[in-house]
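Q: Please take a close look at the salt bridges in this structure. Which side chains pair up, and how well covered are the partners?

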Amino acid sequence: MENILFEMNTSVFVDNYKATAPVSCIENAALCIRGLNVAIQGKPILKDVSFDVPPKSITCIIGPSGCGKTTLLRSLNRMHDYTAGMKVTGQVTIDGNDIYAPGVDVAALRRRMGLLAQRPTVLPMSVFGNVAYGPKLYGVKRGELLRAIVERNLKAVGLWEEVHDRLHSPAGILSVGQQQRLCLARALAVQPAIILGDEATSALDPLATRTIEELLLRLKQQLSIVLVTHTLRQARRIADHVVFMYMGEMVESGSAQQVFSNPVHDLTREFVGGSIG
Amino acid sequence: MKLSRRIKDLTATRLMMLTTMSAFALMIIIGVVLAVKSEQILSGHSLWSLLGSSVWKPMKGEFGFLAFIAGTLAVTALAIVLALPPALMASIWLSEYANSRIRSLFAPVIDLLAGIPPVVYGVWGTLTLVPLISETLAPCFVDFSTGYSLLAGGIVLAIMVIPLMMGLFGELFASIPRDLREASLALGATRWETARRVVVRKALPGIVATVVLAISRAFGETIAVMMVCGNVADMPGSLFNPVYPLPALIANNYGEMMSLPDYESALMLAALILFVIIIAFNVISHAILHRLKQRIA
Ligand SMILES: Nc1ncnc2c1ncn2[C@@H]1O[C@H](COP(=O)(O)OP(=O)(O)OP(=O)(O)O)[C@@H](O)[C@H]1O
Ligand SMILES: [Mg+2]
């Protein structure tokens with residue numbers, strides 16, 4: 001986003017950070033995932049997943065339904081914390097800090113990563129209230145400023161024209177596709193450094209999908225995007241990097257170019273060729 | 001085959017309609033019977049003089065209901081004011097913070113408390129609360145109190161409606177989708193911010209409905225309140241003075257004063273007043289609830 005309207009809270013979210021075992025990840029990786037295991041009630045969902053999310057680029061996570069894409073994405077901002085029986089081990093580092101280290105301010109951490117859930121979920125308040133929710137939490141009080149933030153982010157997701165005359169209606173009356181874009185606007189309003197999108201365009205028609213994809217392509221100049229997608233064509237259109245998941249394991253990751261045209265692994269070849277998944 | 005299915009469908013529809021209607025009819029019948037029985041007292045006194053006066057001397061033919069109406073409202077209001085904050089806080093803690101083991105431990109306890117007969121609460125109030133008020137609490141504020149007071153009635157009633165409220169709040173909060181909480185958490189909200197700004201907000205219509213139910217319950221609660229509130233027909237002046245709610249008036253006197261036709265009729269009018277208050281209250285709260293639901297959606 002071009003002009004920063006309110007001071008972004010760049011303070012480190014770690015209180016008493018202790019250097020963890022050195023991990024080798026690519027230079028200034030936005031996220032660095034090493035040996036991530038997630039299990040629920042002892043049943044593993046993710047097994048030893050490792051990959052890097054390069055900065056200022058789009059990383060697409062692909063794989064058949066049920067392979068653990070959503071689980072993976074949610075472990076990147078500790079959304080599993082309150083799931084009873086869910087156990088996460090391994091390392092996820094952001095700017096070299098392990099997000100699972102003790103003493104991490106989880107709220108501040110999550111603020112740096114906008115998570116778009118697989119099912120768009122609007123908060124029980126107005127359209128305006130939804131977009132203003134995050135900024136208000138961080139102390140933006142001036143109505144003028146809030147209005148500017150709301151307008152800018154709704155415009156960014158191509159929703160402004162449709163809703164500008166009913167900003168104060170309950171967000172629940174919007175169509176599912178509109179809600180999906182509202183959720184994106186809401187996430188952008190807190191100015192995250194990373195966007196985690198779980199099929200962020202699943203409820204959108206081709207035109208609206210194109211709007212969002214173009215927005216993501218513009219956004220990647222400033223932030224890093226991790227996108228779970230079901231549609232391989234979308235991944236081909238916008239991905240810089242691709243992570244292929246299969247049955248809870250990371251099978252292959254690399255540049256989009258390499259994964260799509262010259263995959264190393266047979267499973268990847270079959271999946272991108274359309275014979276599995 | 002086809003015909004028999006249609007007949008079954010028709011019978012079922014009619015039957016269900018009939019049961020619904022009969023519940024409604026029962027309410028009308030109760031209202032009419034009470035009105036007819038109140039005829040006697042209403043023919044001798046104007047409604048205004050009955051509702052506007054607080055002088056209650058049946059033997060002298062003076063029937064002022066104001067003190068009873070005020071007593072009912074005061075005890076109920078006090079009970080809800082005392083019960084709502086702790087019930088809400090405890091329910092939020094149980095649903096938003098406590099783990100599922102603690103939750104499943106508490107759920108049956110709450111149901112159990114809600115199921116204890118009112119008379120038990122009344123006995124407890126008489127044995128512990130009344131002396132506590134009279135000996136410890138009241139001397140700090142007033143010269144003398146027997147302990148049988150508005151405060152005692154309010155506290156006993158509050159303790160009775162807390163489990164009722166908590167049971168309903170618990171189900172209410174459990175029905176709020178997890179996704180909603182996560183949407184808030186993902187924006188960097190703390191759990192408290194999420195509980196306050198999202199969960200409670202989403203649950204607001206349900207919270208109001210629960211309070212309405214608790215108030216209706218408190219209005220009609222008779223025995224437990226009657227045992228601790230002193231039953232003196234004065235206007236409620238202080239927390240430490242006795243009050244005399246409408247249900248207690250009816251329960252204490254009905255059946256004893258049949259020789260005085262005016263008295264019996266006055267008690268019927270008391271029941272009618274209670275009935276009308278509860279209906280009016282429910283109609284109003286229904287309207288409020290409707291608007292609230294639309295606003296939050
Ligand atoms: N809270 C949970 N409790 C039990 N099992 C879970 C839980 N969350 C996920 N799983 C299981 O983990 C596996 C991976 O689920 P996940 O939602 O991550 O898949 P996905 O790749 O996102 O699938 P899709 O493409 O259909 O969205 C599934 O088998 C699912 O049943
Ligand atoms: Mg998923």
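A: Burial is graded by relative accessible area: buried is under 20%, exposed over 50%, and partly exposed in between (1.4 Å probe, protein chains only). This is a predicted model, in which local features need pLDDT of at least 70 and side-chain atom pairs count only at pLDDT 80 or more, while totals for chains, interfaces and linings use all residues. Residues are numbered from 1 along each chain as its sequence is written, chains are lettered from A and ligands numbered from 1 in the order in which they are written, and side-chain values use heavy atoms, without hydrogens and water.

Start with the total. Over all chains, the whole structure holds 15 salt bridges (a side-chain nitrogen of Lys or Arg within 4 Å of a carboxyl oxygen of Asp or Glu).

Take A:Arg142 and A:Glu144. Their side chains form a salt bridge, with N to O at 3.9 Å. A:Glu144 has a relative accessible area of 55%, so A:Glu144 counts as exposed.

Next comes a pair within one helix. A:Lys155 bridges to A:Glu151, and their closest N and O atoms are 2.6 Å apart. Both residues sit in helix H4 of chain A, residues 143-156 (helices are DSSP runs of H or I, at least four residues, numbered from the N terminus). They are 4 residues apart, about one turn of the helix. A:Lys155 is partly exposed at 47% relative accessible area. A:Glu151 is also partly exposed, with a value of 29%.

Now a pair between two helices. A:Glu213 and A:Arg237 meet in a salt bridge, N to O at 2.7 Å. This pair links distant parts of the chain. A:Glu213 belongs to helix H7 of chain A (residues 206-219). A:Arg237 belongs to helix H8 of chain A (residues 232-238). The two residues lie 24 residues apart. Their cover is uneven: A:Glu213 is buried, with a relative accessible area of 3%, whereas A:Arg237 is partly exposed at 41%.

Last, a network. A:Arg74, B:Arg178 and B:Glu182 are joined into one network by salt bridges that share partners. Its members come from chain A and chain B.

To recap the partners: A:Glu144 is exposed, A:Lys155 is partly exposed, A:Glu151 is partly exposed, A:Glu213 is buried and A:Arg237 is partly exposed.
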